[in-house]
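Trainee: I have the file open and would like to go through it residue by residue. Can we start somewhere in the middle and work outwards?
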Amino acid sequence: MGVGKSADTPNTFLLYDSRSADEPVAVELGLPNDIITSGDGAQSWSMVEWAADDRYALVLHNYSVAGAAAREYIILDRTKPELSQNLTRAHGLAPSEELSL
């Protein structure tokens with residue numbers, strides 16, 4: 001499994017299933033808008049880790065607000081994207097804290 005960022009919208013991802021012998025199959029996943037903090041500058045996403053069950057992925061959202069860099073961890077639920085969670089908000093994580101599954 002792999003994940004890529006869709007260029008079209010800030011909260012849409014492409015999930016690639018690489019288990020196919022022919023070629024990876026891409027499925028688009030959209031996260032609810034209220035999960036992600038809207039930045040006013042450059043934004044980027046990176047994969048941190050896949051869970052062993054292949055249902056969840058931990059992704060890192062880097063963004064800026066009023067020129068200040070910030071980041072947040074999102075747990076992406078590939079079977080029910082609407083159940084994805086912003087772990088940084090939910091657990092009150094400090095900007096310097098790092099997560100893994």
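Trainee: Is Val 59 buried or exposed?

Mentor: This is a predicted model, so take every value as computed. Val 59 has a relative accessibility of 1%, and because the cut-off for buried is under 20%, Val 59 counts as buried.

Trainee: Which strand is Val 59 in?

Mentor: Val 59 belongs to strand β5.

Trainee: And which residues is Val 59 in contact with, leaving aside neighbours within four places in sequence?

Mentor: Trp 45, Ser 46, Met 47 and Val 48 are on the list, and so are Glu 72, Tyr 73 and Ile 74.

Trainee: What separates the C-alpha atoms of Val 59 and Ile 75?

Mentor: A distance of 6.4 Å, for two residues that are 16 apart along the chain.

Trainee: OK, the sheet. What is the strand order?

Mentor: The order is β4-β5-β6-β7, in an open sheet of four strands with antiparallel pairing. β4 and β7 are at the edges with a single partner strand each, so one side of each has no neighbour in the sheet.

Trainee: What holds strands like that together, in general?

Mentor: Strands of a sheet pair through backbone hydrogen bonds, in a parallel or an antiparallel way.

Trainee: How many bridges join β4 to β5?

Mentor: Six, with the two strands running antiparallel. As one of the pairings, Glu 49 has Leu 58 in β5 as its bridge partner.

Trainee: And how many join β5 to β6?

Mentor: Ten, again for strands that run antiparallel. Here the bridge partner of Ser 64 is Ala 69 in β6.

Trainee: That leaves β6 and β7. How many bridges there?

Mentor: Two bridges join β6 to β7, and this pair runs antiparallel. Ile 74 is opposite Asn 86 of β7.

Trainee: Back to the hairpin of β5 and β6. How many residues are between the strands?

Mentor: Two residues are between them, and Ala 66 in this hairpin takes a positive phi near 55 degrees.

Trainee: Why would anyone flag a positive phi?

Mentor: Because most residues other than glycine have a negative phi. Ala 66 is not a glycine, yet has a positive phi of about 55 degrees.

Trainee: Is Ala 66 buried or exposed?

Mentor: Exposed: its relative accessibility is 70%, and the cut-off for that class is over 50%. Ala 66 is in the loop between β5 and β6.

Trainee: Which residue in the loop between β4 and β5 should I check for phi?

Mentor: Asp 54 lies in that loop. Its phi is positive, near 60 degrees, and Asp 54 is not a glycine either. At 25% relative accessibility, Asp 54 counts as partly exposed.

Trainee: Changing topic, how many salt bridges are there?

Mentor: The count is one. In that salt bridge the side chains of Asp 77 and Arg 55 meet, with 2.8 Å from N to O. The pair links distant parts of the chain, with Asp 77 in strand β6 and Arg 55 in the loop between β4 and β5, 22 residues apart.

Trainee: How do Asp 77 and Arg 55 compare in relative accessibility? I need a class for Asp 77 and one for Arg 55.

Mentor: Asp 77 is at 1% and counts as buried. Arg 55 is at 25% and counts as partly exposed.

Trainee: Next, empty space. How many cavities of 30 Å³ or more?

Mentor: One cavity of that size. The largest cavity has a volume of about 40 Å³.

Trainee: Which residues line the largest cavity?

Mentor: Arg 71, Tyr 73, Thr 88, Leu 93, Ala 94, Pro 95 and Glu 97. By type, the lining has four nonpolar residues, one polar and two charged.

Trainee: Tyr 73 came up before, didn't it?

Mentor: Tyr 73 is in contact with Val 59, and Tyr 73 is also in the lining of the largest cavity.

Trainee: Last topic, the chain as a whole. What is the pattern along the sequence?

Mentor: The pattern is β-β-β-β-β-β-β-α, which comes to seven strands and one helix. The chain has 101 residues, and 32% of them count as buried.

Trainee: And what share of the contacts is between residues 24 or more positions apart?

Mentor: That share is 39%, taken over the contacts with a separation of 6 or more.

Note on methods
Residues numbered from 1 in each chain as written. Predicted model: local features only at pLDDT ≥ 70, side-chain atom pairs only at ≥ 80, totals over all residues. Heavy atoms only, no water. Salt bridge = Lys/Arg side-chain N within 4 Å of Asp/Glu carboxyl O. Buried < 20%, exposed > 50% of the residue type's maximum accessible area, 1.4 Å probe, protein only. 1 Å grid on protein atoms, 1.4 Å probe; cavity = no way out; pocket = protein on both sides within 12 Å on 5 of 7 lines; lining within 4 Å. Points joined across faces, edges and corners; volume = space filled by probe spheres on them. Nonpolar A, V, L, I, M, F, W, Y, C, P; charged D, E, K, R; others polar. Pairing = 2+ DSSP bridges. Contact = heavy atoms within 4.5 Å.
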